[in-house]
Amino acid sequence: MNRRHVLRTSLAGLGMAGGLMLANRTGTPATLAGQAAVAPIWGYKTVAEYPHDPGAYTQGLIYIGDGFFEGTGLRGESDIRETVLQTGEVLRESPLAEEYFGEGIALIDDHLYQITWQEETAFLYQRDTFEQIGSFRYEGEGWGLTWNGQHLVMSDGSNVITYRDPATFAAVRTVEVRAGDLAVDNLNELEWIDDEIWANIFQTDWIVRIDPESGNVNSWVDLRGLLPLGPGEGMPGVLNGIAWDSEGQRLFVTGKHWPSLFEIELVASANP
Ligand SMILES: [Ca+2]
């Protein structure tokens, strides 16, 4: 997740585009990635802004009704926590052991899953108590995690999404995420929304909406400018964290160490 070197050969095009996207506020993935990104681009409208614990290095976010489960990262600071939507208050939290760097989380009924960055370990918790009731081993890095009703859906920092059996954490199948010919790398926090995978792209203010069967990018979401910063304020951290209220049809996003969490609506992009 906080790898600085990141870009792989396959991603060189989009990686450059990502840098330019951040630097050039009028640029778009479509123009910068050329033929690679023929998919539509969404802009956004802020519906509401809520407090968010700026101490939270957000790695996973799930809406649970008037609040969230959130997984946080960094060694010695990682935890799972339950928070309140309106106030951002942390109702309860359970820390990970110091050697683990927490990443994405997923909720299946009474069980909460949490993956780790490089420790190849996933933890299983009882939802109501945060008691650790099990763990799984897997190969490779862990970045984002979500649940589609059948499988856990996991990212690892590459352009590969892995579907896993929630009973064993075994990989069931994988799909490569592409926009045209470009591999879309650095897929980070995930959310399954209406038969699409939404993914933060690490180190950018962009989200990709992915066809879960083919891996094709259906559209892009441009969230540049979402967190307004005053003079002299540095960016707290990158955009990371997508949560969907399926009943209320509300979309929430935040970032690592962000002081705010936003409800947003997608609108036609101002920079198509
Ligand atoms: Ca999520």
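## Close-up views of a strand-rich chain

**The whole chain at a glance.** Buried residues make up 44% of the 272 residues in the protein chain. Keep in mind while looking around that this is a predicted model. Its secondary structure comes to two helices and 22 strands. Take the contacts in the chain with a separation of 6 or more: 50% of them are between residues 24 or more positions apart. As for confidence, the mean pLDDT of the chain is 87, and 83% of its residues reach 70 or more.

**View 1. The start of the chain, where confidence drops.** Over residues 1-28, pLDDT stays under 50. The model still has 46 contacts beyond four places in sequence for this stretch. Residues 30-36 also have pLDDT under 50 throughout, and here the model has 18 such contacts beyond four places in sequence. Where pLDDT is low, the predicted coordinates should not be read in detail. So take this view with a pinch of salt.

**View 2. Inside the largest nonpolar core.** Which residues touch the most other members of this core? Zoom in on A199 and V208: of the 52 residues in the largest nonpolar core, these two hold that spot. Leaving aside residues up to four places away in sequence, V208 touches V184, A199, I201, V217 and W220. That list puts the two residues of this view, V208 and A199, in touch with each other.

**View 3. An open sheet of four strands.** Here four strands line up in the order 6-7-8-9, with antiparallel pairing, to form an open sheet. At the edges stand strand 6 (102-108) and strand 9 (132-137); each has a single partner strand, so one side of each is left without a neighbour in the sheet. From one strand to the next, the twist averages 20 degrees. Strands of a sheet pair through backbone hydrogen bonds, either parallel or antiparallel.

**View 4. Strand 7 meets strand 8.** Now go into the sheet and look at strand 7 (residues 111-116), which pairs with strand 8 in the antiparallel sense over five bridges. To get your bearings, find Q114, which stands opposite F123 in strand 8. The two strands form a hairpin with four residues between them, and in this hairpin E120 takes a positive phi near 55 degrees.

**View 5. Strand 8 meets strand 9, with F130 at the turn.** Strand 8 (residues 121-126) and strand 9 run antiparallel, joined by five bridges. Two pairs are handy landmarks: F123 stands opposite S135 in strand 9, and A122 has F136 of strand 9 as its bridge partner. F123 is worth a second look, since Q114 of the previous view stands opposite this residue as well. Five residues lie between strand 8 and strand 9 in their hairpin. What is the phi of F130, in the turn? F130 has a positive phi of about 60 degrees, although it is not a glycine. Most residues other than glycine have a negative phi. Is F130 buried, partly exposed or exposed? With 18 C-beta neighbours inside 10 Å, F130 counts as partly exposed.

**View 6. The hairpin of strand 20 and strand 21.** Strand 20 (residues 239-245) is mostly covered, with five of its seven residues buried. Five bridges join strand 20 to strand 21 (residues 250-255), and the two run antiparallel. Look for A243, which stands opposite F252 in strand 21. Four residues sit between the strands in this hairpin, where Q249 takes a positive phi near 55 degrees.

**View 7. D194, out in a loop.** D194 lies in the loop between strand 16 (187-193) and strand 17 (196-201). Its phi is near 45 degrees, a positive value in a residue other than glycine. Is D194 buried or exposed? D194 has 9 other C-beta atoms within 10 Å, so D194 is exposed.

**View 8. E98 and its contacts.** The last close-up moves to the loop between strand 5 (90-95) and strand 6, where E98 lies. With 10 other C-beta atoms within 10 Å, E98 is exposed. What does E98 touch, not counting residues up to four places away in sequence? The answer is R75 and G76. E77 also belongs in this view: E98 and E77 are 21 residues apart along the chain, and their C-alpha atoms are separated by 7.4 Å.

Methods
Residues are numbered from 1 along each chain as its sequence is written. This is a predicted model: local features need pLDDT of at least 70, side-chain atom pairs count only at pLDDT 80 or more; totals for chains, interfaces and linings use all residues. A nonpolar core is a set of buried Ala, Val, Leu, Ile, Met, Phe, Trp, Tyr and Cys residues joined through C-beta atoms within 7 Å. A residue is buried if 20 or more other C-beta atoms lie within 10 Å of its own, exposed if 12 or fewer, and partly exposed in between; C-beta atoms are placed from the backbone. Two residues are in contact if their C-beta atoms, placed from the backbone, lie within 7 Å. Two strands pair if DSSP finds at least two bridges between them. Axes are lines fitted to C-alpha atoms, for helices over the stretch in contact, and angles run from 0 to 180 degrees between N-to-C directions. pLDDT is the predictor's confidence in each residue, from 0 to 100.
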